[in-house]
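The exercises below ask you to read a protein model with two chains. Try each task before you read its solution.

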2 protein chains.
Amino acid sequence: MTENADEKFMKEAIKQAKEAMAKGEVPIGAVIVYEDRIIARACNMVETLNDATAHAEMLAFTSASQEAGKYLNQCTLYVTLEPCPMCLGAAFWTQIRRIVFGASDNRNIIANKNDILHPKTIVQGGVMENECSQLIKDFFKSKR
Amino acid sequence: MTENADEKFMKEAIKQAKEAMAKGEVPIGAVIVYEDRIIARACNMVETLNDATAHAEMLAFTSASQEAGKYLNQCTLYVTLEPCPMCLGAAFWTQIRRIVFGASDNRNIIANKNDILHPKTIVQGGVMENECSQLIKDFFKSKR
């Protein structure tokens, strides 16, 4: 069975999550893809940067904008964990075309995250979900 | 009549908004205050940084964290325009104690912005509302 493109790019996001883990960060990673090419890679850097807003997605958006311009409406974000409201709000401003995430986030703090997104943005979850959620489970187990 | 503290700090946020205006940015400014002292000042830098996420509040949160640590739960954000969902989501992660804004944002894209905030965060709008909204009106008028 051939690997599909979403899995290929999610594996790159997982590599970023593992880099976060190696820094002692909650292992969440992201990449942004434009025309089948990765233009930004980032991992969660909250502890490293001492900045509660330094989520993988935020860093990836800022990085991708340097390459693709401030509107990412031809790009796809791959992220190992379902984005939080801040990152969805950022996605709105970038007008990103598509968001693909791995594990679901059960700490949903608002009723309908879709209210935040740009109407043209397509969201798909569950890509390599087990691998993505296992990383986070392993991290918190190691902290106990 | 003596000027109250909120107006004093909002005037500093307005100075930042004017700096944004001078750069050709939508004039929005923010300051973050800790123990009656400004620890971060930022203005909207979306065009300058070519980054749709570079809102005044986001830049102020990151800057303040370098001074006060990643939790801003003893700090107040003053911002000339009501924060968008991204910035409220960021405020959630910083656990900021209080948000004071000037002009309301009628482009509310979600039903209840309070759903995004940390339960301990207090929000107050309408401080120097006219001055804050007039700046934005003048900016868009000059663009026509």
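In these exercises, contact means heavy atoms within 4.5 Å. The model is predicted.

**Exercise 1. Describe the surroundings of Glu3(B).**

Solution. Step 1: place the residue. Glu3(B) sits in the segment before α1 (5-22) of chain B. Step 2: classify its exposure. Partly exposed covers the range between 20% and 50% relative accessible area. Glu3(B) has a relative accessible area of 37%, so Glu3(B) is partly exposed. Step 3: list its partners. With neighbours within four places in sequence left aside, Glu3(B) is in contact with Lys8(B) and Lys11(B). Step 4: compare a separation in sequence with one in space. From Glu3(B) to Asn106(B) there are 103 residues in sequence and 28 Å in space, C-alpha to C-alpha.

**Exercise 2. State how chain B is related to chain A.**

Solution. Step 1: superpose the chains. A turn of 180° with a shift of 0.0 Å along the axis lays chain B on chain A, with an RMSD of 0.0 Å. Step 2: name the relation. This is the relation of a two-fold axis. Step 3: check the contact surface. The same surface serves both copies, as 100% of the contact residues of chain B recur in chain A. Step 4: find the residue of chain B closest to the rotation axis. That residue is Met86(B), whose C-alpha lies at 2.1 Å.

**Exercise 3. Summarise the fold and overall dimensions of chain A.**

Solution. Step 1: count the elements. Chain A has four helices and five strands. Step 2: put them in sequence order. The pattern is α-β-β-α-β-α-β-β-α. Step 3: test for a compact globule. For 144 residues such a globule would have a radius of gyration near 15 Å, and the 14 Å of chain A agrees with this. Step 4: give the spans. Along its principal axes, the C-alpha trace of chain A spans about 40 × 40 × 30 Å. Step 5: look at burial. In chain A, 56% of the 144 residues count as buried.

**Exercise 4. Which elements help to cover the buried residues of α3(A)?**

Solution. Step 1: count the buried residues. Helix α3 (residues 85-94) of chain A has nine of its ten residues buried. Among them are Pro85(A), Met86(A), Phe92(A) and Thr94(A). Step 2: identify the cover. From chain A the cover includes α2 (56-68) and β4 (98-103), and from chain B it includes α2 (56-68) and α3 (85-94). Step 3: look just past the helix. There, Gln95(A) takes a positive phi of about 60°.

**Exercise 5. Decide whether His55(B) and Asp105(A) are buried or exposed, and list their contacts.**

Solution. Step 1: recall the cut-off. Buried means under 20% relative accessible area. Step 2: take His55(B), which is found in the loop between β2 (37-43) and α2 of chain B. Its relative accessible area is 13%, so His55(B) is buried. Leaving aside neighbours within four places in sequence, the contacts of His55(B) include Trp93(A) from chain A, and Asn44(B) and Met86(B) from chain B. Step 3: take Asp105(A), in the loop between β4 and β5 (122-124) of chain A. Its relative accessible area is 8%, so Asp105(A) is buried. With neighbours within four places in sequence again left aside, Asp105(A) is in contact with Leu81(A) and Glu82(A).

Note on methods: Residues numbered from 1 in each chain as written. Chains lettered and ligands numbered in written order. Predicted model: local features only at pLDDT ≥ 70, side-chain atom pairs only at ≥ 80, totals over all residues. Heavy atoms only, no water. Least-squares fit on C-alpha atoms with pLDDT ≥ 70 in both. Helix = DSSP H or I, 4+ residues; strand = E, 2+ residues; numbered from the N terminus. Rg over C-alpha atoms; globule rule 2.2 N^0.38 Å. Buried < 20%, exposed > 50% of the residue type's maximum accessible area, 1.4 Å probe, protein only.
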